[in-house]
Amino acid sequence: MNSMMLAQLMQDLQDPEIMREAQKMMNDPAFQAQMKNMTENPAFQQHMKKSQEMLKDPKKVKELESKMQERLKEGTELLEKAKKERGTEDEKPEASDDDKKEPAKEEGDNKGEEDEMPDIPILSLN
C-alpha cells in the first residue's frame, strides 16, 4: 500500500457513511463466506502467525509505528497536493463542464471492480 492510499484509508475510516457501507458489506453472507475461505487458507494463517510473533517484540512495534506515522504524514501531504492540483485543473477555462464530469463517471462506474476488492478479515471485538 502506498502512502497516499494509507492516508486516504485513514480519512475514510473517519467517514460515518463509508463505515455504514462497510458494516453492510461485512454483514453480507457472501462476504462472510469469502472471509471464511481466506482465513482458512494456510498461507494467510502463516502470515498472521508471523505478524503476531513480530508484534510481541516491543522494539519492533515501535519501529513499525514510527514507519507508519512517517508514511501517513507523507501520504497526507501527497493527498493534499493532489486535491489542490485537481482544484486548479477544475478552474482552467479551456475545460468544459462535460470534460469535468466524464472522469467522475468513469471512476464511479465500478461494476467490474467489485471482484478486485482485497479480502479483509472479520475482526470480532467481542
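The expected span of a helix is 1.5 Å times one less than its number of residues. The legends below describe close-up views of a predicted model.

**View 1. Helix 2 runs from residue 16 to residue 27.** This helix has 12 residues. From its first C-alpha to its last, helix 2 reaches 16 Å, close to the expected 16 Å. At the start of the helix, a side-chain oxygen of Asp15 comes to within 2.9 Å of the backbone nitrogen of Glu17.

**View 2. Five residues form a nonpolar patch on the surface: Leu9, Met10, Leu13, Ile18 and Met19.** Together they have about 380 Å² of accessible area. Helix 1 (3-12) and helix 2 are the elements that give two or more residues to this patch. Ile18 belongs to helix 2. Is Ile18 buried, partly exposed or exposed? Ile18 has a relative accessible area of 34%, so it counts as partly exposed, a class that lies between the limits of 20% and 50%.

**View 3. Ser3, a residue of helix 1, is buried.** The relative accessibility of Ser3 is 6%; because buried means under 20%, Ser3 falls in that class. Leaving aside residues up to four places away in sequence, Ser3 touches Arg71, Glu74, Gly75 and Leu78.

**View 4. Ser3 meets residues that are distant in sequence, among them Gly75.** Ser3 and Gly75 are separated by 72 residues in sequence, yet their C-alpha atoms are 4.2 Å apart in space. The side chain of Ser3 is also joined to the side chain of Glu74 by a polar contact of 3.1 Å.

Methods
Residues are numbered from 1 along each chain as its sequence is written. This is a predicted model: local features need pLDDT of at least 70, side-chain atom pairs count only at pLDDT 80 or more; totals for chains, interfaces and linings use all residues. Side-chain values use heavy atoms; hydrogens and water are left out. Helices (H or I, at least four residues) and strands (E, at least two) are DSSP runs, numbered from the N terminus. A polar contact is a pair of N or O atoms within 3.5 Å; within protein, one must be able to donate a hydrogen and the other to accept it, and residues adjacent in sequence count only if both atoms are side-chain atoms. Patches are made of residues with over 30% relative accessible area and no salt bridge: like charges are joined within 9 Å, nonpolar side chains (Val, Leu, Ile, Met, Phe, Trp, Tyr) within 5 Å. Accessible areas come from the Shrake-Rupley method with a 1.4 Å probe; for residues, only the protein chains shown count as cover. A salt bridge is a side-chain nitrogen of Lys or Arg within 4 Å of a carboxyl oxygen of Asp or Glu. Buried means under 20% relative accessible area, exposed over 50%, partly exposed in between (1.4 Å probe, protein chains only). Contact means heavy atoms within 4.5 Å.
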